[in-house]
Amino acid sequence: MNKKLYIETYGCQMNFSDSEIVASVMTSHDFDITTGPHDADVIFLNTCSIRDHAEQRVLNRLRALQHLRKKKPGLLIGVLGCMAERLKTGLLEDKDLGMRIDMVVGPDAYRQLPQLLMDAESGQKAIDVMLSADETYADISPVRYGADGVSAFISIMRGCENFCAYCVVPYTRGKERSRDPESILSEATQLANKGYREVTLLGQNVNSYRWPGRDHGQPLVFSELIGMVAAIDPLLRVRFATSHPKDMSDQLLHAMARYPNICKAIHLPMQSGSSAVLRRMNRKYSRQDYLNRVGAIRAILPECGISTDLIAGYCGETEAEHRDTLSVMQEVGFDFAFMFKYSERPDTLAAKKYPDDVPDQVKTRRLTEIIHTQQALSLKSNRRDVGSLQEVLVEGYSKRSKNHLMGRTGHNKVVVFPACEVQPGDYAVVEITGCSSATLKGVLRQKGLLQQAGRQDG
Ligand code: SAH
Ligand code: SF4
Ligand code: F3S
């Protein structure tokens with residue numbers, strides 16, 4: 001009988017995508033994936049180091065899982081992903097941690113998992129945190145164990161070399177590398193053939209995707225790749241994340257304009273509205289550069305949704321610099337934002353160069369102001385949609401009620417509407433009848449795509 005593996009994933013979409021690679025490696029080595037820790041022979045936590053809070057959550061969870069060893073002697077617990085890469089052998093020190101961890105495996109070492117597991121089974125501590133310059137797992141077909149059958153992630157690149165001063169990712173994920181386009185296209189084609197209706201192309205900075213041309217030809221760039229994915233099937237929605245503002249090209253915007261099935265939503269992390277703060281962050285663009293990119297989006301894709309990431313209380317941030325963030329938020333009118341308190345990460349450029357000198361209560365207050373500003377902007381953005389017809393890809397049932405379906409608009413807004421003849425995986429034209437700052441509410445007007453109903457979301 002196969003052994004059982006339970007995987008729990010923290011952090012970004014890249015990590016969720018990696019867990020599907022891990023599942024693929026393990027299920028081809030006599031493991032079945034199980035949905036909870038209690039009947040598992042092996043437990044993997046695929047972890048995130050982006051903020052201290054993310055690491056503390058994982059450590060607490062690891063502590064809470066230890067009691068399962070009593071019921072299951074031989075249970076193995078492994079730490080995968082970014083914390084494994086950052087903390088390395090530190091995670092194997094039972095005394096320092098106050099608990100036992102059996103395996104530590106970094107994000108480029110997942111092919112070694114079966115061997116590492118054998119080491120761990122024989123009682124040795126198993127660790128592999130080698131980073132690679134070229135691993136992309138291109139030939140490994142992800143096992144979509146948690147999937148809804150509608151929407152899937154496709155990793156198109158790994159690593160990051162931007163070294164934003166606050167960020168741990170370049171250290172935990174290593175060198176930036178792009179994946180062979182043929183393997184990306186065949187993965188997308190297979191998903192479409194299986195009935196998937198949406199793929200999200202993933203990388204820390206997809207706009208620097210680059211695949212060398214054959215015979216000294218031009219390299220293939222992201223704006224071309226996304227067009228090739230979009231051409232596979234007009235019923236397959238294509239999304240992507242994330243775009244670094246310094247690399248977001250007009251060519252990409254034109255490609256988005258050309259294909260109706262490329263969703264008109266761009267996640268463009270701004271981090272701060274102050275050029276001085278952006279310089280200390282090593283983001284390589286100014287407030288005005290960012291606004292110019294937003295101008296290009298509005299000019300080429302007038303209806304495009306724009307979302308962002310913001311950090312409150314970065315090193316040396318003054319009250320005036322904080323207000324620059326609030327004002328740029330108003331100026332752009334973001335549809336959605338992920339908002340964070342700055343958390344110093346050991347060994348990053350910021351940790352070496354700038355004191356983490358904004359007091360915690362000031363960070364909290366600034367974050368609260370940013371959140372309130374965004375809530376008002378999100379509500380405004382959602383109110384604009386009330387009365388419009390939206391093309392919704394139905395993903396499943398609403399978390400709150402089985403009598404409601406849940407899906408997303410092309411702009412990546414969540415829509416909830418009464419259950420009716422449409423199913424998860426169907427397109428539905430929904431008339432928006434109300435909203436909160438987080439959700440649109442509506443009623444089904446027609447099955448299928450909006451073009452067939454006549455676009456009215458002008
Ligand atoms: N590659 C993406 C971001 C990945 S990390 C990009 O550059 O756009 C996701 C977000 O976490 C970042 O955009 C940033 O807002 C936030 N973040 C990263 N490091 C952080 C830190 N040390 N403290 C607080 N937030 C951080
Ligand atoms: Fe981190 Fe910057 Fe790379 Fe994004 S682009 S992962 S914020 S270093
Ligand atoms: Fe976290 Fe690693 Fe992603 S640090 S955000 S899981 S790349």
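Biologist: What is the relative accessible area of phenylalanine 163?

Modeller: This is a predicted model, in which local features need pLDDT of at least 70 and side-chain atom pairs count only at pLDDT 80 or more, while totals for chains, interfaces and linings use all residues; side-chain values use heavy atoms, without hydrogens and water. Residues are numbered from 1 along each chain as its sequence is written, with chains lettered from A and ligands numbered from 1 in the order in which they are written. Phenylalanine 163 sits in the loop between strand 8 (157–158) and helix 7 (169–173), where helices (H or I, at least four residues) and strands (E, at least two) are DSSP runs numbered from the N terminus. Phenylalanine 163 is classed as partly exposed (buried is under 20%, exposed over 50%, partly exposed in between, with a 1.4 Å probe and protein chains only), because its relative accessible area is 31%.

Biologist: Which ligand has Phe163 among the residues that surround it?

Modeller: Being near means that a residue has a heavy atom within 4 Å of the molecule. The shell that contains Phe163 also includes Cys160, Cys164, Cys167, Gln204, His244 and Arg283, and it surrounds ligand 2.

Biologist: Which two domains each give at least three residues to the shell around ligand 3?

Modeller: Among the residues around ligand 3 are Cys12, Asn15, Thr47, Cys48, Cys82, Val169, Arg173 and Gln204. With bounds taken from an automatic or database assignment, the domains that each supply at least three residues are domain 1 (3–128) and domain 2 (147–263).

Biologist: Is arginine 214 buried or exposed?

Modeller: Arginine 214 belongs to the loop between strand 11 (210–211) and strand 12 (220–221), and its C-alpha atom is 40 Å from that of isoleucine 33, which is 181 residues away along the chain. Because its relative accessibility is 67%, arginine 214 counts as exposed.

Biologist: Which residue is joined to alanine 241 by a cis peptide bond?

Modeller: The omega angle of this bond is about 0°. The partner lies in the loop between strand 13 (237–241) and helix 10 (250–258), and the residue bonded to alanine 241 is threonine 242.

Biologist: Is glutamine 271 buried or exposed?

Modeller: Glutamine 271 has a positive phi of about 75° although it is not a glycine, and it occurs in the loop between strand 14 (265–267) and helix 11 (275–280). Because its relative accessibility is 6%, glutamine 271 counts as buried.

Biologist: What is the relative accessible area of asparagine 412?

Modeller: Asparagine 412, in the loop between strand 18 (404–409) and strand 19 (414–418), has a positive phi near 75° without being a glycine. Asparagine 412 is partly exposed, since its relative accessible area is 38%.
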